[in-house]
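Reader: Hello! I am new to this structure and would like to learn how to read it. Could you walk me through it, one feature at a time?

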Amino acid sequence: MTWHRRHLLDIESLAPEEILLVLDTARAFKAVGQRAIKKVPALRGKTVVNLFIEPSTRTRTSFELAAVRLSADVINFNAEASSFKKGETLKDTARNLEALNADIFIIRHSAAGAPHFLARCVAGSVVNAGDGAHEHPTQALLDTFTIREKKGRIAGLNVVILGDILYSRVARSNIWALTKLGAHVTLCGPSTLVPRTFEQLGCRVSHNVDDAIASADVINLLRIQHERQRKTMFPGIGEYASLFGLNQARLARTRPEVLIMHPGPINRGVEIDSEIADGGRSVILEQVTNGLAVRMAALFLINGGQGPQALGE
Amino acid sequence: MTWHRRHLLDIESLAPEEILLVLDTARAFKAVGQRAIKKVPALRGKTVVNLFIEPSTRTRTSFELAAVRLSADVINFNAEASSFKKGETLKDTARNLEALNADIFIIRHSAAGAPHFLARCVAGSVVNAGDGAHEHPTQALLDTFTIREKKGRIAGLNVVILGDILYSRVARSNIWALTKLGAHVTLCGPSTLVPRTFEQLGCRVSHNVDDAIASADVINLLRIQHERQRKTMFPGIGEYASLFGLNQARLARTRPEVLIMHPGPINRGVEIDSEIADGGRSVILEQVTNGLAVRMAALFLINGGQGPQALGE
Amino acid sequence: MTWHRRHLLDIESLAPEEILLVLDTARAFKAVGQRAIKKVPALRGKTVVNLFIEPSTRTRTSFELAAVRLSADVINFNAEASSFKKGETLKDTARNLEALNADIFIIRHSAAGAPHFLARCVAGSVVNAGDGAHEHPTQALLDTFTIREKKGRIAGLNVVILGDILYSRVARSNIWALTKLGAHVTLCGPSTLVPRTFEQLGCRVSHNVDDAIASADVINLLRIQHERQRKTMFPGIGEYASLFGLNQARLARTRPEVLIMHPGPINRGVEIDSEIADGGRSVILEQVTNGLAVRMAALFLINGGQGPQALGE
């Protein structure tokens, strides 16, 4: 299997073999993060532009560090101070950055499809770092990487995604990745946030959390973004925590080897209790470490690298 | 011809041969931007400080990338978060940065003359990235580079600069560069924004756009900064677009080989119609690419580099 | 003497020999700042995270440049745009950054003890860049370095620290460093800001500036942070300048070889007159230069470097 894509825009369009190639390549890069000198020269002399129109220190930092460890030069394009404020369009911004001969654009944007639009404007590569409620492909790849590393496989596993599914790009990308690799995916949360239409994506939909998690191998909790919840569709925070939050009583009724995942930042005491977040079943911090490896792999592959062999493995 | 200046503060004080040396050096650096590895070691170990007191993502990014491609280390000094807010003077800020042994300061400031003041305070080199309504020398150099590349010469060309001349540092620097190299410069716009006093700089002044552009080889459009236009001196946006905007009807009455230029960001439908901005006569995006080459050349020369020969040409 | 600490959290816990080792190492790094190529490869491939929760361009820039000159990769974690705004705790932020395998964290925080807390959360090294009113160890080290360089010694010198002692982390760290190395320290300022309890730290307390500075070898002025002074405890600015500001009349009554120091940014005409700040006894800008050398030394030592010998001296 070799990689032929110039962009990483979504999971939906990837073949299972492509997903696996990213995961295998990421495994090689994870080892780089354990070395004293955590750099490889793969992208030396290449220019990576971080174009985060929505603020995100966490994901931006992960991508910036991934690029730096590949020896690329990173330019952080600060949308706050930018020409966007003067009314410039995304297309004009993209073409101007393109004129600077940047090699890779990493874009986060509140509009679904913005990365695909950008990919049609520029000669360089584009990586989607989250577009509206559409997709967040590197999050799904790092989640899948983590599950595979811990469980040895994806196929046949019961994975529960729990929270605000309706507006979650993390959920959408995870659904695509997991179902392509053969997992059984159950979506769970309040009925206003987990409509039955998701069954068309090949998932089970449940509004009873205790029922959903009883046979789960993995529980992936989504962040409750209470700063922007729609008042009419969301119960109160306390009510959500009581009905859907992962607490010790609920955890006691799951399989002993269940993995607890969360894309962060976590709301302690809302979607997850502190002791569980910091406990032995939680792989939340390993997800962060794996995110770096997966992003190094993605940047490496779209730049023309050819899988783990190229790293001397 | 060798370069003897420690700073690049304005175009007014440059001899024509100095301007040409920057342009010739920029041509060598433009080729670097086409390579797979877009870096040269010319400024390795040097520290470049980006001191942008006025916000500008576009120009700052161009300078940052120019410095990075010369292998310099770049520190972005964020004026928003800085001691300026605590009432520190430019002189104290400059001397403090100087005490860090920075090699090159790139400064944008709302006060005309700020870069010249800085140059007297510090031992390092200073590049003016725009000072009030005074000068923006690298913009003029990249404009001149683009014209020369497309037309093969500057001398004898008819260049029209169209827009708000009175408050434009882009216009002032272009007037100096173009007249020194022998072009015929016509300034055009509303009479409140293009006073007759500019004739003293060796330009023609016109308030009739159709007349001005009829025999133009180059039309350089300035951005209408409607967010800060003086109400009493400026017509409405719609009125400006109708009277001075470059539309298809107007373009049809120009020479077929006329170059359309704009320093960006453009206001589509105000000073220029979208189809013209994206059309075959527009070199707006090439200006961006050339800006990077010109800034690499400027940084290289003031740091003691000696023209294109030093790059192995 | 070899260095055994993984963190630099305060001066209070350092032995005099450890302070001297940092100063000796800094002397070697100061020479690096005089070279044409101001870089050494000591931290190549290491990741340094600048975690400034309180804004500070000046100190952040100094640390960033120190890390860059040691060839480290620096990630600026922008607290404004970060998950802090979404309510994430310092512990969660720290553990997430830790999961990225950063080697060194440089933290400024408004809460005293935040760096110590961070040091318990992460496997990497932590440098305190200022925590509340507690300590600012690299400031004290650069001040001590400057005094020793100019006076040849610390022991036996009369050092006056003048200003708002009560809320000053600069004062606290200086008191520890200077008394450990045998200086006689006098604290001076309005009685509301310089309580007698400081005598327990081995200092003299004076509320009469003319008396305090008469026999001083060094006067270290603190910045009057009038933007955040407690109204009930602080005289007006004019009254402070008149009663405690260092002006020519006061300076005339000091020893001719007295050193005038200030951590910056200075308030000209408040705690110090302009001519004195720019005059021959002032070492304010040398403090900035020395700060870079001291910070290079600190990063070098906590990363496992073993004193000036390792630099080939």
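Reader: How close do the axes of helix α3 of chain B and helix α11 of chain C come, and at what angle do they cross?

Author: Happy to help, and please keep in mind that this is a predicted model. Here is the general idea: two packed helices are described by the angle between their axes and the distance between the axes. In this case the axes of α3 (residues 90-99) of chain B and α11 (residues 284-302) of chain C come within 8 Å, and they cross at roughly 45 degrees. Therefore α3(B) and α11(C) are oblique to each other. Their crossing is right-handed.

Reader: Which residues of α3(B) and α11(C) meet?

Author: From α3(B) come R95(B), N96(B) and A99(B), and from α11(C) come L285(C), V288(C) and T289(C). Sorted by class, the residues of this contact are three nonpolar, two polar and one charged.

Reader: Let me try a pair inside one chain. At what angle do the axes of α3 and α4 of chain C cross?

Author: You can use that general idea again. In chain C, the axes of α3 (residues 90-99) and α4 (residues 114-121) come within 10 Å and cross at roughly 45 degrees. That makes α3(C) and α4(C) oblique to each other, because angles from 65 to 115 degrees would count as roughly perpendicular and those under 35 as roughly parallel. α3(C) passes α4(C) in a right-handed crossing.

Reader: And which residues of α3(C) and α4(C) meet there?

Author: On the α3(C) side look for L90(C), K91(C), A94(C), R95(C) and E98(C); their partners in α4(C) are A114(C), F117(C), L118(C) and C121(C). This contact counts six nonpolar residues, no polar ones and three charged.

Reader: Now the chains as wholes. By what turn can chain A be laid on chain B?

Author: To compare copies, we ask what turn and shift lay one on the other. For chain A on chain B, the answer is a turn of 120 degrees with a shift of 0.0 Å along the axis, giving an RMSD of 0.0 Å. The two copies are thus related as by a three-fold rotation axis. Chain C can be laid on chain A by a turn of 120 degrees and a shift of 0.0 Å along the axis, again with an RMSD of 0.0 Å.

Reader: How many residues does the contact take from chain A and from chain B?

Author: One way to describe an interface is to list who takes part. Chain A gives 18 residues and chain B gives 20 residues. On the chain A side, β2 (73-78) and α3 (90-99) each supply at least two residues. That side divides into five nonpolar, seven polar and six charged residues.

Reader: What is the order of the strands in the open sheet of chain B?

Author: For a sheet, read the order of the strands, then the sense of their pairing. This open sheet has five strands in the order β7-β6-β5-β8-β9, with parallel pairing. β7 (204-206) and β9 (259-261) of chain B are at the edges with a single partner strand each, so one side of each has no neighbour in the sheet. On average, neighbouring strands are turned by 20 degrees against each other, direction ignored.

Reader: Over how many bridges do β5 and β8 of chain B pair?

Author: β5 (residues 158-162) and β8 (residues 218-221) of chain B pair over four bridges, in the parallel sense. To find your place, look for V159(B), which stands opposite V218(B) in β8(B).

Reader: Which helix lies across β8 and β9 of chain B?

Author: That is α5 (residues 137-151) of chain B, running at about 165 degrees to β9(B).

Terms used: Residues numbered from 1 in each chain as written. Chains lettered and ligands numbered in written order. Predicted model: local features only at pLDDT ≥ 70, side-chain atom pairs only at ≥ 80, totals over all residues. Least-squares fit on C-alpha atoms with pLDDT ≥ 70 in both. Contact = placed C-beta atoms within 7 Å. Nonpolar A, V, L, I, M, F, W, Y, C, P; charged D, E, K, R; others polar. Axes fitted to C-alpha atoms, helices over the stretch in contact; angles between N-to-C directions. Parallel < 35°, antiparallel > 145°, perpendicular 65-115°, else oblique. Left-handed = near helix turned anticlockwise from the far one by under 90°. Pairing = 2+ DSSP bridges.
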